[in-house]
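Here's a quick tour for anyone about to load this model into a viewer. Have a look first, and then we'll go through a few spots worth clicking on.

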Amino acid sequence: MTHPPGPGPATGPTTVPTPAIAGTPTTTWRNWGRTERAEGITVVRPRDLEELAALLGDGTGRPVRPLASGHSFSGIGTPEDIALDLTAFSGLSGPDDVAVDASRGRVRLGAATPLWQIPRLLAPFGLAMRNLGDIDRQTIAGALATGTHGTGAAFGGLPTQLVGATLVSGDGQVLTVDEDTEPELLPFIRVGLGALGVLTEVTLQCVPAFVLRAEEAMRSLADVDAGWDALFDEPDHAEFHWFPGSGRVVTKTNTRLPGDSLLVPRSRLGRWVGEELLANTVFGGLCEVSRHVPWTVPTINRIATAAMGRGTFTEPSARVFAAPRRVRFREMEYAVPRAAMQEAFGRIRRLADAWPEPIEFPVEVRVAAADDVALSPGSGQDIGYIAVHRHVRRPHERYFAAAERIFADYGGRPHWGKVHGLDADRLGALYPRFGEALAVRDRLDPERRFANPYLRRVLGP
Ligand SMILES: Cc1cc2nc3c(=O)[nH]c(=O)nc-3n(C[C@H](O)[C@H](O)[C@H](O)COP(=O)(O)OP(=O)(O)OC[C@H]3O[C@@H](n4cnc5c(N)ncnc54)[C@H](O)[C@@H]3O)c2cc1C
């Protein structure tokens with residue numbers, strides 16, 4: 001394991017480096033979406049696998065939570081006692097010839113590597129991640145733990161790219177899991193909710209570097225409704241954002257092209273105006289204004305639509321998939337069976353349009369292919385993802401609860417890292433392999449050192 005210096009968590013505690021496991025400082029932690037907070041936690045920064053295994057094998061039973069970038073809106077990452085700062089486990093895992101199997105396109109990375117660093121690490125080997133979500137601030141372990149996904153009818157979420165991992169169980173055992181060693185654990189480790197062990201190293205199945213031709217367009221809702229299946233099935237990657245109260249939709253479709261294709265990038269100025277000035281600075285300012293002057297919401301929607309409709313350009317894949325999101329918000333996202341997604345969206349649309357106050361953030365719709373990952377929302381079924389948002393300073397509770405009742409009618413499965421109210425009983429009925437996942441948890445964390453209030457709710461005590 002190499003230990004290049006990495007940035008601390010993008011949000012969260014002001015982590016104080018700790019030279020040893022004992023005698024650590026206490027501090028306060030908050031997540032990006034400001035839905036979760038923890039006081040008086042002890043941040044520990046293990047320097048290597050041995051220190052981590054010693055900590056978990058110390059027999060004290062003290063609750064331990066791996067910290068990542070704090071970008072989950074749910075309480076999944078909220079520490080109660082010991083919080084692990086894993087920044088030492090970052091970057092390529094070892095020298096190039098150990099970390100990279102170029103012939104198979106496989107790369108071993110420290111589990112705390114931030115997604116934004118990965119394109120740079122893969123570039124010398126002509127490799128890229130197959131698919132990504134719409135930001136890159138998360139760590140790879142945090143993204144895997146919650147089933148983070150992008151869009152694409154033929155593509156699963158990020159966990160489907162995991163082919164091997166090293167983790168430390170709740171009692172300090174170091175486990176290697178891959179297709180040859182304990183392969184039966186892979187479907188559970190891929191989306192482990194941080195409940196099965198601390199990942200220290202992950203092996204990703206990558207693909208040859210590719211570029212994306214992105215087309216971002218403003219369309220009418222009626223147009224999107226009429227061409228729903230074509231929108232999601234024809235391009236490699238498709239999504240749309242709809243602004244409540246308007247008939248406008250911004251569609252984003254990406255076509256995969258070979259890595260040596262001619263690039264037609266946005267100008268630096270155009271990229272800055274679209275991604276930073278309009279989508280973040282102006283949009284954020286207007287969201288603040290709309291708190292006091294609700295009638296400005298349609299203006300906000302127009303600005304946001306203009307910022308998101310970036311035209312057509314061709315750039316390296318990671319630059320197209322991810323964009324900066326600096327305006328803080330709260331989010332609930334559910335996966336519903338693909339066949340039910342258009343109807344479910346129609347009901348969410350009516351809910352948002354009829355909401356007593358204007359909704360300033362869009363509804364986002366994406367798709368993903370079925371996978372065989374036990375606790376992935378796409379487990380065993382093609383899915384459509386529908387996400388509702390509100391600005392961080394606007395009340396989200398009643399709106400999200402009303403949306404959740406609609407998702408429930410379609411057997412919706414919540415994103416583990418976003419706001420939802422389901423418990424183990426409900427989730428057990430939604431996931432055929434839920435019982436098996438609980439059995440793996442019993443094996444890997446019998447004393448529940450990784451439990452926190454969220455995990456007790458969604459997995460049981
Ligand atoms: C602005 C924004 C945009 C987003 N966009 C998307 C999107 O496009 N698609 C999508 O699916 N989601 C999206 N999300 C949600 C986000 O991807 C997930 O919540 C993700 O888990 C956050 O990663 P993180 O590194 O911040 O993890 P955290 O939220 O910090 O942690 C998540 C879980 O991982 C555990 N964990 C961390 N490190 C380890 C480890 N080494 N071993 C075991 N467990 C570990 C934590 O303890 C916690 O349980 C977005 C969130 C935000 C705030």
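In which loop does R34 lie? Keep in mind that this is a predicted model. R34 sits in the loop that joins β1 (26-30) and β2 (37-44). Its backbone is a bit of an oddity: phi is positive, about 55 degrees, and R34 is not a glycine. For context, most residues other than glycine have a negative phi.

R448 does a similar thing, with a positive phi of about 60 degrees although R448 is not a glycine either. You'll find R448 in the loop between α14 and α15 (453-459).

So how open are these spots? Partly exposed means more than 12 but fewer than 20 other C-beta atoms within 10 Å. R34 counts as partly exposed because it has 14 C-beta neighbours inside 10 Å, and R448 gets that label because 17 other C-beta atoms lie within 10 Å. A217, a residue of strand β12 (residues 210-220), is partly exposed because 16 other C-beta atoms lie within 10 Å. Here they are side by side:

| Residue | Location | Other C-beta atoms within 10 Å |
|---|---|---|
| R34 | loop between β1 and β2 | 14 |
| R448 | loop between α14 and α15 | 17 |
| A217 | strand β12 | 16 |

If you'd like a distance to check in your viewer, try A217 and R405: their C-alpha atoms are separated by 31 Å, and the two residues are 188 apart along the chain.

Now zoom out to the domains. The domain assignment gives domain 1 as 96-208 + 429-447, and domain 2 as 210-414. Taken over C-alpha atoms, the centres of domain 1 and domain 2 are 25 Å apart. Domain 1 puts 32 residues into the contact, and domain 2 puts in 31. On the domain 1 side, the elements giving two or more residues are α5 (186-189), β11 (207-208) and α14 (434-444). By class, that side of domain 1 splits into 18 nonpolar, 9 polar and 5 charged residues.

Last stop, the ligand. What surrounds it? The shell has 33 residues, and the closest are A68, G133, G142, G194 and G417. Elements that supply two or more residues to this shell are β3 (64-67), α4 (140-145) and β10 (198-205). The largest share comes from α4, with 4 residues. Sorted by class, the shell around the ligand holds 14 nonpolar, 16 polar and 3 charged residues.

Note on methods
Residues numbered from 1 in each chain as written. Predicted model: local features only at pLDDT ≥ 70, side-chain atom pairs only at ≥ 80, totals over all residues. Domains from an automatic or database assignment. Contact = placed C-beta atoms within 7 Å. Nonpolar A, V, L, I, M, F, W, Y, C, P; charged D, E, K, R; others polar. Near = placed C-beta within 6 Å.
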